Structures are given as structure tokens and as C-alpha cells.
Amino acid sequence: MRSGGWDWLLYRAGHWTLLESVALMPVCFPMQLLLIAALGLTCATPALAADLPPKPVRLGLCAACHGETGMAQIPGAPNLAGQRLDYLRKALQEYRDGTRNVPLMRAAIGPVSDAELDQLARWYSAQAPQPQAHAQP
Ligand code: HEC
């Protein structure tokens, strides 16, 4: 059973992105989980560190309007996925200090620390933009 039969799995797993692996995990059986975990540790770690920063604690709030992956959930909210890191960081600083006086965003960002602000900007900047979920007016 183990001889040769799992080769296709190893091959495919090597080409999975982290997101695909995570999405598939609930439907996978333990053998696949082990393979994914092993490959994740040996191969995917550097890519993971570069592409997906840790999920910020405050992301839940932001996700209500901007989506967890930076694709807007409500009309009028901008997509943030893949936006330049320095631009996002600056925008958030401007909401925080009031230079950008948009009450909605000022309330959402609140008195956030520099470290948290940086995390949020990194998170959204690292996301890949997706096709629009709904047509824009
Ligand atoms: C209630 C909805 C709402 C929530 C919650 C919210 N935002 Fe926003 N956000 C907006 C809207 C609307 C704008 C556009 C404001 C403007 O015109 O400047 C915006 C603008 C932004 C921008 C500037 C984008 C650009 O292209 O200039 C960033 C960055 C941003 N939000 C990040 C966040 C983060 C991070 C959080 C969580 C802490 C968050 N937002 C929570 C609605 C929201």
C-alpha cells in the first residue's frame, strides 16, 4: 500500500500553497495531514514567512468592511489586498492621528500601537487581490 501508491500525493503536496493546504485540511485524512505538515516544515517555511505575516489580532473588526483578505465586503470600502505596504502604513497613521479625518476609519483603527498598525498593513499588503465579488455601480 505504501510502496509507490502515495507518490502522486507527495508530488502534488509539494506544489500546494499554504492556503490550499489549509482549505483542504478539514476534508483530508490523517495521512495527508502528516504529509502536508512534514512538507510544510521542510519546504514551505521560508515562503510562508515572506508571504503571509501573522494574522493581526484586530483583523476581525477590519474584516467586516475590508474582508479578511482585503477584498471589500461593503459598498464604499476600498480593497486593500496587495496594496503597497508603505501606502497602507501611512494611510493608517493618518486615520490614527486625524490627518485623514474619516470618522468611520478613525473609529475603526482607534488608538492602535505602531506595532499593531504595522501588522495590519503587512497583512493586507501580503494578500493577493481577487476578482471582484460584485459589480461596482
Ligand atoms: C465600518 C467599516 C470599516 C471598518 C470596520 C474598517 N474600515 Fe478601513 N475603510 C473603510 C472605508 C469606508 C474607507 C475609505 C475611507 C476614506 O475615504 O478615506 C476605509 C479606508 C481604509 C484604508 C485606506 C485605503 C486607501 O486606499 O487609502 C485602510 C488602509 C484601511 N481602511 C484599513 C483598515 C483596517 C486595518 C481596519 C481594522 C482596524 C479597518 N480599515 C476597519 C471602512 C472600514
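**Helix α5: its crossing with α7 and the ligand shell**

Helices α5 and α7 lie oblique to each other, because their axes cross at roughly 140°, and angles over 145 would be needed to count as roughly antiparallel. The model is predicted. Helix α5 also contributes to the shell around the ligand.

**Crossing of α5 and α7**
- Helix α5 covers residues 85-97, and α7 covers 114-126.
- Their axes come within 9 Å.
- The crossing is right-handed.
- On the α5 side, the contact is made by L85, L88, R89, L92, Q93 and R96.
- On the α7 side, L117, D118, L120, A121, R122, Y124 and S125 meet them.
- By class, the residues of this contact are seven nonpolar, two polar and four charged.

**Shell around the ligand**
- The ligand has 20 residues around it.
- C62, C65, A91, A108 and L120 come nearest.
- L120 is also one of the α7 residues that meet α5.
- Helices α4, α5 and α6 each supply at least two residues of the shell.
- Helix α4, residues 59-66, gives the largest share, with five residues.
- The shell is made up of 16 nonpolar, two polar and two charged residues.

**P111 and the loop before α7**
- P111 sits in the loop that links α6 (103-109) to α7.
- P111 counts as exposed because it has 6 C-beta neighbours inside 10 Å, and the limit for exposed is 12 or fewer.
- P111 and R96 are 15 residues apart along the chain, and 6.5 Å separates their C-alpha atoms.
- R96 belongs to the α5 side of the contact with α7.

Key. Residues numbered from 1 in each chain as written. Predicted model: local features only at pLDDT ≥ 70, side-chain atom pairs only at ≥ 80, totals over all residues. Helix = DSSP H or I, 4+ residues; strand = E, 2+ residues; numbered from the N terminus. Buried ≥ 20, exposed ≤ 12 C-beta atoms within 10 Å, placed from the backbone. Axes fitted to C-alpha atoms, helices over the stretch in contact; angles between N-to-C directions. Parallel < 35°, antiparallel > 145°, perpendicular 65-115°, else oblique. Left-handed = near helix turned anticlockwise from the far one by under 90°. Contact = placed C-beta atoms within 7 Å. Nonpolar A, V, L, I, M, F, W, Y, C, P; charged D, E, K, R; others polar. Near = placed C-beta within 6 Å.
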